[in-house]
Amino acid sequence: MEQSFVAWAKMRARRLPQEKVSIGDDAAVLAATDSDLVVTTDSQCDGVHFRLGETDPRAIGRKLVNVNLSDLAAMAADPRCVFLSMCLPNQVQTNPAMATDALASEIYEGVCEALAKFDVGLAGGDTNCWDGPLSLTLTAIGQTVDNVTWLRNNAQPDDAIVVTGPLGGSILGKHLDFTPRIDLARAIRSSIPVNAAMDISDGLSVDLLRLTDASHCGAILELDKVPISDAAVQASESSNKQPIEHALGDGEDFELLLTVPPDSVQQLQQLVGEDSAIVVGSITSRTGLWAREGGKIRQLTSSGYIHGR
Ligand SMILES: [Mg+2]
């Protein structure tokens, strides 16, 4: 539902004042005098993104920060500060011994821990109580550096498609405990001409399709080059799926997905190391998502299913 709603919302808002980049990328870009501002927001809700009774509230706070910083990294922006809004349950159903105040301060501790790692401030927010479940929203403000902004809509045919780490199985732990790729984005943005970028939040196939759709092009993934995480292998043992399907289809890896001119790949790999710049395929002028395996090219669905395999 989210993608079709986003498309509708973008159209509905088109006659309102527009920013340099508005709805449709990892973050919005607001023109400013010295360096542009980059703004993103993300919500995490009990029962949707986590289960309060099963998850450490500090880890929820850290994740809330890190998913937003990941979107800023995907735009090559430096994070500056965040705003935190909390709707707290009047009663913590899963743990009646925990007072609402204690829950709030644990979340706050997690938020501050994650912010301190990247020297980012907490500039404000809002706190409410209600009879519903815990619902958190964080808005992160970043700044562009040297006028570099990575968008989704500029991938070029023949670009190499690069991911910054192994994929799949994040549900086994990484989704709560990952490092947003701020440092990698900082290292790459000043020396590599990245044509398009986003972070992998919903799975490589679906996110790559979003990027190629935005760029009016297509992609061929080399299946034997897609880095499969140990967690993807572990998840496949009980899921009835192959590890590669987890690597293609699972969400919440929060690695970066970049497209770069093929003659920049070597420099990129020398800069950040081959393990942080893994070439998984190339951009094509033919639209659609394709997978090459053993010399055959097959169509790939956005969920990571490979037709005719
Ligand atoms: Mg994103």
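Strand pairing and domain contact in a predicted model

Q: In this predicted model, what makes strand β6 and strand β10 (residues 278–284) a pair?
A: Two strands pair if DSSP finds at least two bridges between them. β6 and β10 are joined over four bridges in the antiparallel sense, so they satisfy this criterion. One of the bridge partners in β10 is I278, which lies opposite V163.

Q: How do you know that β6 also pairs with strand β9 (residues 256–260)?
A: The criterion is again at least two bridges. β6 and β9 are linked in the antiparallel sense over four bridges, and the pairing therefore holds. Within β9, V260 is the bridge partner of A160.

Q: Which way do the residues of strand β6 (residues 160–163) point, and are they buried or exposed?
A: A160 and V162 point one way, while I161 and V163 point the other way. In a regular strand, side chains alternate between the two faces of the sheet. All four named residues of β6 are buried, which means that each has 20 or more other C-beta atoms within 10 Å of its own.

Q: What makes residues of domain 1 (12–143) and domain 2 (160–299) count as being in contact?
A: Two residues are in contact if their C-beta atoms lie within 7 Å. By this criterion, 14 residues of domain 1 are in contact with 13 residues of domain 2. The side of domain 1 that touches domain 2 takes the most from helix α2 (residues 57–74), which gives nine residues. By class, that side has eight nonpolar, three polar and three charged residues. The centres of the two domains, taken over C-alpha atoms, are separated by 25 Å.

How values were computed: Residues numbered from 1 in each chain as written. Predicted model: local features only at pLDDT ≥ 70, side-chain atom pairs only at ≥ 80, totals over all residues. Buried ≥ 20, exposed ≤ 12 C-beta atoms within 10 Å, placed from the backbone. Helix = DSSP H or I, 4+ residues; strand = E, 2+ residues; numbered from the N terminus. Domains from an automatic or database assignment. Nonpolar A, V, L, I, M, F, W, Y, C, P; charged D, E, K, R; others polar.
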